[in-house]
Amino acid sequence: SGGGLNRFELRAPFDGVVVEKHLAVGEAVQETTQVFTISDLRSVWAEMRVAASDLPAVRVGEKATVRATAFDSSATGEVAYVGALIGQETRTAPARITLPNPEGVWRPGLFVNVELTASMQQAALAVASSAIQRLDQQQAVVFVPVPGGFRAQPVRVGRADAKATEVLEGLKPGQPYVAEGSFVLKAELGKASAEHTH
């Protein structure tokens, strides 16, 4: 109580800024009534949607640059969260970048562009991601040249991005393989197996 019977002091549990007011003059309030929304804007989240194909490259702790679309400002933050579920309609997963906001430049609702650079990692053996094809039971294969044509070589794959896929087993370093157009060979293989079943 601040002296008068109708004046009360409300204390927030943390330092912040009032971003919403939920009451009007003369409105009766109870202990459970929400009267203000307070946010600590010294640190904010930039939310983004990540396509399923890009998820292997988006990891917690990766650095990201966030740029405002409404004015000339940018900041560097870290990926703090990557959602585990992919939306059925959008085919994307949510991710958040934590940004320091000491001057209050970044405000909730602001549209931003996010640039994310995945960290470089060494792989003992990698092939072009376009070379990896999946056969029955989702077995990963790479087509390799053999006398008279090509053979589907089963491989065990590891980390991958849009350009390269790590091969853990099934290929030797320096071994030739089909990088572009491997889906055509897969289609021919499927056609040939269908003809054998008739």
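Welcome! Start by selecting Arg-156 and Glu-169: Arg-156 stands opposite Glu-169, which belongs to strand E13. Keep in mind on this tour that the model is predicted.

**Stop one: the hairpin**

Now widen your selection to residues 156–160, strand E12, and residues 164–169, strand E13. The two strands run antiparallel, and 3 bridges join them. Look at the turn as well: E12 and E13 make a hairpin, with 3 residues between them.

**Stop two: Gln-153**

Next, select residues 149–154 to bring up strand E11, and pick out Gln-153 within the strand. Is Gln-153 buried or exposed? Gln-153 is buried, because its relative accessible area is 15%, and the cut-off for buried is under 20%.

What is Gln-153 in contact with, once neighbours within four places in sequence are left aside? Select Ala-140, Val-141, Val-142 and Val-144, then add Gly-170 and Leu-171, to show these contacts. Zoom in on Gly-170 in particular: its backbone oxygen lies 3.3 Å from a polar atom of the Gln-153 side chain.

**Stop three: out to the surface**

Finally, go to Leu-10, which is found in the segment before strand E1 (17–21). Leu-10 is exposed, because its relative accessible area is 60% and exposed means over 50%. Add Val-18 and Phe-36 to your selection, and you will have a nonpolar patch on the surface made by Leu-10, Val-18 and Phe-36. Try the surface display here: together, these residues have about 290 Å² of accessible area.

Terms used: Residues are numbered from 1 along each chain as its sequence is written. This is a predicted model: local features need pLDDT of at least 70, side-chain atom pairs count only at pLDDT 80 or more; totals for chains, interfaces and linings use all residues. Side-chain values use heavy atoms; hydrogens and water are left out. Patches are made of residues with over 30% relative accessible area and no salt bridge: like charges are joined within 9 Å, nonpolar side chains (Val, Leu, Ile, Met, Phe, Trp, Tyr) within 5 Å. Accessible areas come from the Shrake-Rupley method with a 1.4 Å probe; for residues, only the protein chains shown count as cover. A salt bridge is a side-chain nitrogen of Lys or Arg within 4 Å of a carboxyl oxygen of Asp or Glu. Helices (H or I, at least four residues) and strands (E, at least two) are DSSP runs, numbered from the N terminus. Buried means under 20% relative accessible area, exposed over 50%, partly exposed in between (1.4 Å probe, protein chains only). A polar contact is a pair of N or O atoms within 3.5 Å; within protein, one must be able to donate a hydrogen and the other to accept it, and residues adjacent in sequence count only if both atoms are side-chain atoms. Contact means heavy atoms within 4.5 Å. Two strands pair if DSSP finds at least two bridges between them.
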